Amino acid sequence: MIIQASSIVTKDIPDNSVAVGQPAKVVSSIKDFLKKNKTLMETRTVYDKSWLIGNITKELKKQMKKDLENGMGYII
């Protein structure tokens, strides 16, 4: 299961589910979630692990901020 950060889980969440919110509610299956995000990754900025905190320089942070002004990106 995938639980969104800062969600508050107040009851059981079924296996293979994605839950979000306060209280957490199931919004999709993991299969549907992955399918949607795989499609988004074709049009959004994708970063490799060198962009993680601890590895990223001030210049890279500036570039990421510019890249993400109008949307979201992914770190894989």
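Hi everyone, let's start with the sheet: three strands form an open sheet in the order β1-β2-β3, and the pairing is mixed. β1 and β3 stand at the edges with a single partner strand each, so one side of each is left without a neighbour in the sheet. Before I go on, please keep in mind that this is a predicted model.

As a quick reminder, strands of a sheet pair through backbone hydrogen bonds, either parallel or antiparallel. Here we get both senses, as the mixed pairing tells us. β1 and β2 run parallel and are joined by 2 bridges. If you want to find them on the screen, isoleucine 2 has valine 18 of β2 as its bridge partner, and isoleucine 3 stands opposite alanine 19 in β2.

Now to the other side of β2. This strand covers residues 17–20, and it pairs with β3, residues 25–29, in the antiparallel sense over 4 bridges. Valine 18 turns up again here, standing opposite serine 28 in β3. Valine 20, in turn, stands opposite lysine 25 in β3.

What happens between those two strands? The hairpin of β2 and β3 has 4 residues between the strands, and in it glycine 21 takes a positive phi near 105 degrees. There is also a cis peptide bond, which joins glutamine 22 and proline 23, with omega about 5 degrees. Proline 23 is in the loop between β2 and β3, so to speak of the hairpin is to speak of proline 23 as well.Next, the loop between β1 and β2. Serine 6 lies in this loop, and its phi is near 75 degrees, a positive value in a residue other than glycine. Is serine 6 buried or exposed? Serine 6 is exposed, with a relative accessible area of 59%. Asparagine 16 is placed in the loop between β1 and β2 too. Asparagine 16 is not a glycine either, yet it has a positive phi of about 60 degrees. Its relative accessible area is 57%, and asparagine 16 counts as exposed.

One more residue from that loop: valine 9, which lies between β1 and β2. Valine 9 is partly exposed, because its relative accessible area is 45%. Which residues make the nonpolar surface patch of about 260 Å²? They are Met1, Ile3 and Val9. Isoleucine 3 is a residue we met a moment ago, opposite alanine 19 in β2.

Let's move on to the helix. Helix α1 runs over residues 30–41, and isoleucine 30 lies in this helix. With 17% relative accessibility, isoleucine 30 counts as buried. What is isoleucine 30 in contact with, leaving aside its neighbours within four places in sequence? The list is Met1, Ile2, Asn16, Ser17 and Val18. Two of these names should sound familiar, as Ile2 and Val18 are the bridge partners from β1 and β2. For asparagine 16 we also have a distance: isoleucine 30 and asparagine 16 are 14 residues apart in sequence and 5.3 Å apart in space, C-alpha to C-alpha.

Asparagine 37 is found in helix α1 as well. Buried or exposed, this asparagine 37? Asparagine 37 is buried, as its relative accessible area is 14%. Leaving aside neighbours within four places in sequence, asparagine 37 is in contact with Met72 and Tyr74.

Last stop, the aromatics. How many aromatic pairs does a search of the whole structure find? The search finds 1 aromatic pair. In this pair, the rings of tyrosine 47 and tryptophan 51 have their centres 4.5 Å apart and their planes at 50 degrees, so the pair is tilted. Tyrosine 47 and tryptophan 51 are both buried.

To wrap up, here are three places to look at on your own screens. Begin at valine 18 in the sheet, with isoleucine 2 as its bridge partner and serine 28 of β3 opposite. Then go to the cis peptide bond between glutamine 22 and proline 23. Finish at the tilted ring pair of tyrosine 47 and tryptophan 51. Thanks for listening!

Key: Residues are numbered from 1 along each chain as its sequence is written. This is a predicted model: local features need pLDDT of at least 70, side-chain atom pairs count only at pLDDT 80 or more; totals for chains, interfaces and linings use all residues. Side-chain values use heavy atoms; hydrogens and water are left out. Two strands pair if DSSP finds at least two bridges between them. Patches are made of residues with over 30% relative accessible area and no salt bridge: like charges are joined within 9 Å, nonpolar side chains (Val, Leu, Ile, Met, Phe, Trp, Tyr) within 5 Å. Accessible areas come from the Shrake-Rupley method with a 1.4 Å probe; for residues, only the protein chains shown count as cover. A salt bridge is a side-chain nitrogen of Lys or Arg within 4 Å of a carboxyl oxygen of Asp or Glu. Buried means under 20% relative accessible area, exposed over 50%, partly exposed in between (1.4 Å probe, protein chains only). Contact means heavy atoms within 4.5 Å. Rings of Phe, Tyr and Trp (its six-membered ring) pair if their centres lie within 6.5 Å; planes under 30 degrees apart count as stacked, over 60 as edge-to-face and the rest as tilted.
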